[in-house]
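Visitor: Before we look at single residues, I would like to hear the reasoning behind the labels, with each value set against its cut-off.

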Amino acid sequence: MSAAPSRLARLRERLDALEVDALLVTAPANRRWLSGFTGSAGVLLVSTEAARIATDGRYHEQARLQASAFELVAAPLRRIESFAADLLAGLGGRAVGIEAAHLTVAEHAEWAEAIDALDPSDRPRLKPLRDAIEPLRAVKDAGELEAITRAVRLGDEAFAHAAAQLRPGVSERELAWEVQRYALEHGAQRLSFETIVAAGPHGSMAHARPRDVAVEAGQGVVMDLGVVVDGYCSDLTRTVFAGEPDERFARVYDAVLTAQTMAVERIEAGMSGAEAHAIAATVLAEAGCGEAFTHGLGHGVGLEVHEAPRLSADSGDVLADGHVVTVEPGAYFPGWGGVRIEDQCVMEDGRLRVLSRAPKLDLQVGPGVGVAS
């Protein structure tokens with residue numbers, strides 16, 4: 001997917017608010033979103049007058065094809081001083097933003113040394129910035145939403161395939177492999193992250209890694225997976241059960257599902273991430289699972305599987321149309337296990353529309369039933 005020319009214009013309009021004259025873009029996802037360039041190495045420079053991409057000989061042809069709006073600066077990227085003058089031409093004495101969250105201390109020192117080596121009249125001033133491009137990326141355009149939807153559909157299918165293999169004796173790692181095999185055989189570029197399969201007590205760890213341990217009858221199994229299609233990610237969690245769910249599992253599952261359903265129905269544009277999180281947190285607290293909900297309600301998904309906006313107790317991010325977010329409450333009890341249910345959603349006309357279609361367990365438990373930890 002090539003980047004739309006409007007993205008460059010949107011960033012240029014933002015430079016004044018960032019109080020810089022130009023921006024160095026080093027984060028791979030930001031570089032791709034802005035230029036369309038998918039190579040593994042490169043640096044962008046964007047000012048109101050110029051748009052340049054520096055990359056080495058491996059990617060010159062690719063950069064010309066994918067980032068046609070950018071002037072190519074041929075560069076051995078191992079040596080910043082070899083291309084700094086060309087990349088930063090015309091910016092002497094002006095403020096150039098750098099992506100502070102993505103540039104290492106060592107890389108910052110190299111940029112500073114390269115700038116110090118320039119003629120004094122050609123030296124810009126580096127200004128560390130946070131979230132220069134991320135708020136722009138958070139609002140997905142039609143092409144991005146199409147790619148995300150394809151990724152979600154394939155993730156749904158990969159889950160269905162793996163869940164169909166669930167039976168006592170199958171290991172967590174085998175189920176994770178079935179997710180990966182199906183996804184790659186049916187068009188995924190790669191997985192969004194290492195698939196989580198956690199059976200029984202192992203499910204109490206939200207980010208458990210699959211083991212060579214067999215699923216046992218009577219265990220809940222948390223399955224969290226994602227795939228990448230055309231560079232865009234999916235993220236899905238379902239909790240399934242090997243056999244007939246017992247009363248405790250049904251109660252916890254019902255509490256988590258109710259929290260998720262209420263959040264999806266009540267979240268609206270203009271809410272903060274903290275307000276969205278509170279909807280699910282309140283439901284879980286009333287069900288006796290408040291302390292068992294140990295993470296944020298969700299996060300944005302796009303070129304990265306975790307990006308803006310965040311839905312968490314301390315998030316001031318304001319939700320808006322075009323945001324693609326997960327809604328994934330969970331409840332985790334050490335020694336017993338956990339339940340998490342996650343859908344990927346898009347904000348449209350002020351409300352969330354659920355993209356995920358993977359089925360959920362049909363368990364009905366009476367209201368007001370608490371779960372002891």
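Visitor: Why is E19 called exposed?

Guide: E19 has a relative accessible area of 60%, and since exposed means over 50%, E19 counts as exposed. Please keep in mind that this is a predicted model. E19 sits in the loop between α1 and β1 (22-25), and its phi is positive, about 60°, although E19 is not a glycine.

Visitor: What makes a positive phi worth a remark?

Guide: Most residues other than glycine have a negative phi. D131 is another residue to note here, with a positive phi of about 55° although it is not a glycine; its place is in the loop between β6 (125-129) and α6 (134-138).

Visitor: Is D131 to be called buried, partly exposed or exposed, and how do you know?

Guide: The relative accessible area of D131 is 44%; buried would require a value under 20% and exposed one over 50%, so D131 is partly exposed.

Visitor: What makes the contact between R7 and E144 a salt bridge?

Guide: The term asks for a side-chain nitrogen of Lys or Arg within 4 Å of a carboxyl oxygen of Asp or Glu, and the side chains of R7 and E144 meet at 3.8 Å, N to O, so the pair qualifies. R7 lies in helix α1 (residues 5-18) and E144 in helix α7 (residues 142-163), so the bridge ties together parts that are 137 residues apart in sequence.

Visitor: How do you know whether R7 and E144 are buried or exposed?

Guide: Buried means under 20% relative accessible area; R7 has 3% and therefore counts as buried, and E144, with 2%, is buried as well.

Visitor: Why is the pair of E268 and R351 called a salt bridge?

Guide: The closest N and O atoms of E268 and R351 are 3.0 Å apart, which is within the 4 Å that the term allows. E268 lies in the loop between α9 (247-266) and α10 (273-286) and R351 in strand β19 (residues 351-354), so this pair ties together parts that are 83 residues apart in sequence. E268 has a relative accessible area of 32% and R351 one of 39%; because both values fall between 20% and 50%, each residue is partly exposed.

Visitor: What makes K360 and D343 a salt bridge, and how do you know which of the two is buried?

Guide: Their closest N and O atoms are 2.6 Å apart, again within 4 Å. The pair links distant parts of the chain, with K360 in the segment after β19 and D343 in strand β18 (residues 343-348), 17 residues apart. D343, at 2% relative accessibility, counts as buried, whereas K360, at 33%, counts as partly exposed. The structure holds 26 salt bridges, and R137, K140, E304 and E307 are linked in a network of such bridges.

Visitor: Why is H323 called buried?

Guide: Its relative accessibility is 8%, and since the cut-off for buried is under 20%, H323 counts as buried. H323 is found in the loop between β14 (307-311) and β15 (324-327), where its side chain reaches the backbone nitrogen of A320 at 3.0 Å.

Visitor: What makes D116 exposed?

Guide: D116, in helix α5 (residues 105-116), has a relative accessible area of 52%; exposed means over 50%, so D116 is exposed. D116 also gathers with E107, E110 and E113 in a patch of negative charge on the surface.

Key:
Residues are numbered from 1 along each chain as its sequence is written. This is a predicted model: local features need pLDDT of at least 70, side-chain atom pairs count only at pLDDT 80 or more; totals for chains, interfaces and linings use all residues. Side-chain values use heavy atoms; hydrogens and water are left out. Patches are made of residues with over 30% relative accessible area and no salt bridge: like charges are joined within 9 Å, nonpolar side chains (Val, Leu, Ile, Met, Phe, Trp, Tyr) within 5 Å. Accessible areas come from the Shrake-Rupley method with a 1.4 Å probe; for residues, only the protein chains shown count as cover. Lys and Arg count as positive and Asp and Glu as negative; His and the chain ends are not counted. The place of a charge is taken as NZ of Lys, CZ of Arg, CG of Asp or CD of Glu. Helices (H or I, at least four residues) and strands (E, at least two) are DSSP runs, numbered from the N terminus. Buried means under 20% relative accessible area, exposed over 50%, partly exposed in between (1.4 Å probe, protein chains only). A polar contact is a pair of N or O atoms within 3.5 Å; within protein, one must be able to donate a hydrogen and the other to accept it, and residues adjacent in sequence count only if both atoms are side-chain atoms.
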